[in-house]
Amino acid sequence: MVGKLRLYHFISSTLTEGPGLRAGLWVQGCPRHCPGCAAPETWDFDGGFDKDVAVLAKEILAVPKLEGVTFAGGEPFCQAGALASLARLLRQGNPALSVICFTGWTMGELLASRDPDKKALLGETDLLIDGPYIESLAENDRPLVGSSNQEFHFLTPRLRDWKKGWGASKHRLEIRISPDGSIAANGMMPGDVLREIVNKIRNGAMENEIL
Ligand code: SF4
């Protein structure tokens with residue numbers, strides 16, 4: 001019995017959420033409510049949808065050439081037990097998969113916690129990206145992070161080489177347009193720029209660029 005996750009969004013393969021082809025999970029629920037957060041839709045713990053951890057693991061392991069998984073949110077460490085279970089199942093199926101996890105807590109706060117679930121998720125994480133988004137410290141220099149207080153903690157050697165190639169791996173954005181016309185975007189981009197791009201697509205103003 002490995003339980004369920006409450007998710008805001010799931011993408012089985014993306015190139016924007018860290019090095020290589022990765023599955024991306026955005027958990028639902030965050031208690032922090034940082035001003036300027038790019039994803040306030042993820043705050044409500046009653047929002048989103050349930051997903052069985054074992055089913056999710058099976059779906060992720062079926063993706064060809066996948067290199068890892070990224071846990072974002074929302075606050076992943078509010079569902080640390082289920083995410084640790086998912087990471088363990090993924091590693092059982094494919095020991096080469098790497099795990100990146102975001103958190104609004106600092107690494108120090110997590111290490112000081114006595115919560116066994118938080119410790120379990122830390123134990124499954126190769127790269128922890130920590131700290132809340134702080135609007136006054138917004139930065140665009142490093143990939144994945146939104147503000148300069150956020151740090152990369154390479155907890156295992158698995159992803160350390162990625163740091164050497166940062167110059168070529170700034171923020172990326174993926175936009176998916178489904179046959180039903182719905183538009184979804186992931187990656188890092190200032191919220192106002194992203195909204196402008198999505199509105200242009202919706203209004204047909206970028207039709208030539210898309211085709
Ligand atoms: S911790 Fe992350 S998801 Fe939560 S409010 Fe802050 S930026 Fe948003």
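S182 is partly exposed, since its relative accessible area is 35%. In this predicted model, S182 sits in the loop that joins strand 8, residues 173-177, to strand 9, residues 183-187. Apart from neighbours within four places in sequence, S182 is in contact with R176 and I177. As a reference for distance, consider E67: it is 115 residues away from S182 along the chain, and the two C-alpha atoms are separated by 27 Å.

Let me turn from that loop to helix 1, which spans residues 53-61. Which residues of helix 1 are buried? They are V53, L56, A57 and I60. These residues cover an arc of only 100° around the axis, and therefore they lie on the same side of helix 1. What do the buried residues of helix 1 pack against? Their partners are four strands and a helix: strand 1 (4-14), strand 2 (22-27), strand 3 (49-52), strand 4 (68-72) and helix 2 (80-93).

The N-terminal end of helix 1 is capped by D52. A side-chain oxygen of D52 lies 3.0 Å from the backbone nitrogen of A54.

I now come to the helix pairs. Two packed helices are described by the angle between their axes and the distance between the axes. For helix 1 and helix 2, the axes come within 9 Å and cross at roughly 40°. Helix 1 is therefore oblique to helix 2. The crossing in which helix 1 passes helix 2 is right-handed. On the helix 1 side, the contact is made by V53, A54, L56, A57, I60 and L61; on the helix 2 side, it is made by A82, S85, L86, L89, L90 and G93.

One residue of that contact, L86, deserves a separate word. L86 is placed in helix 2. Is L86 buried or exposed? With a relative accessibility of 0%, L86 counts as buried. Once neighbours within four places in sequence are set aside, L86 is in contact with L5, L25, V53, L56, A57 and F71. Of these partners, V53, L56 and A57 are among the buried residues of helix 1. By way of distance, L15 is 71 residues from L86 in sequence, and 20 Å separate them in space, C-alpha to C-alpha.

Helix 2 also packs with helix 4, at an angle of about 30° and with the axes 8 Å apart. Here the crossing is left-handed, helix 2 passing helix 4. Which residues meet across this pair? Helix 2 contributes A80, G81, L83, A84, A87, R88 and R91, while helix 4 contributes D117, K118, A120, L121 and E124.

E124 belongs to helix 4, residues 116-124. Its relative accessibility is 15%, so E124 counts as buried, the limit for that term being under 20%. Not counting residues up to four places away in sequence, E124 touches A84, A87, R88, R91 and V99. Of these, A84, A87, R88 and R91 also appear on the helix 2 side of the pair.

Leading into helix 4 is the loop that follows helix 3 (107-112), and S113 lies in this loop. S113 counts as buried, because its relative accessibility is 15%. Leaving aside neighbours within four places in sequence, S113 is in contact with K118 and K119.

I will close with the backbone, where three places should be noted when inspecting the model. The peptide bond from G73 to G74 is cis, with omega near 10°. G74 lies in the loop between strand 4 and helix 2.

The other two places concern phi. H33 is not a glycine, and yet H33 has a positive phi of about 55°. H33 is found in the loop between strand 2 and strand 3. A relative accessibility of 42% means that H33 counts as partly exposed. K65, likewise not a glycine, has a positive phi of about 60°. The place of K65 is the loop between helix 1 and strand 4. Is K65 buried or exposed? At 76% relative accessibility, K65 counts as exposed.

Definitions and conventions
Residues numbered from 1 in each chain as written. Predicted model: local features only at pLDDT ≥ 70, side-chain atom pairs only at ≥ 80, totals over all residues. Heavy atoms only, no water. Buried < 20%, exposed > 50% of the residue type's maximum accessible area, 1.4 Å probe, protein only. Arc of directions from axis to C-beta. Contact = heavy atoms within 4.5 Å. Polar contact = N/O pair within 3.5 Å; in protein donor to acceptor, adjacent residues only side chain to side chain. Axes fitted to C-alpha atoms, helices over the stretch in contact; angles between N-to-C directions. Parallel < 35°, antiparallel > 145°, perpendicular 65-115°, else oblique. Left-handed = near helix turned anticlockwise from the far one by under 90°.
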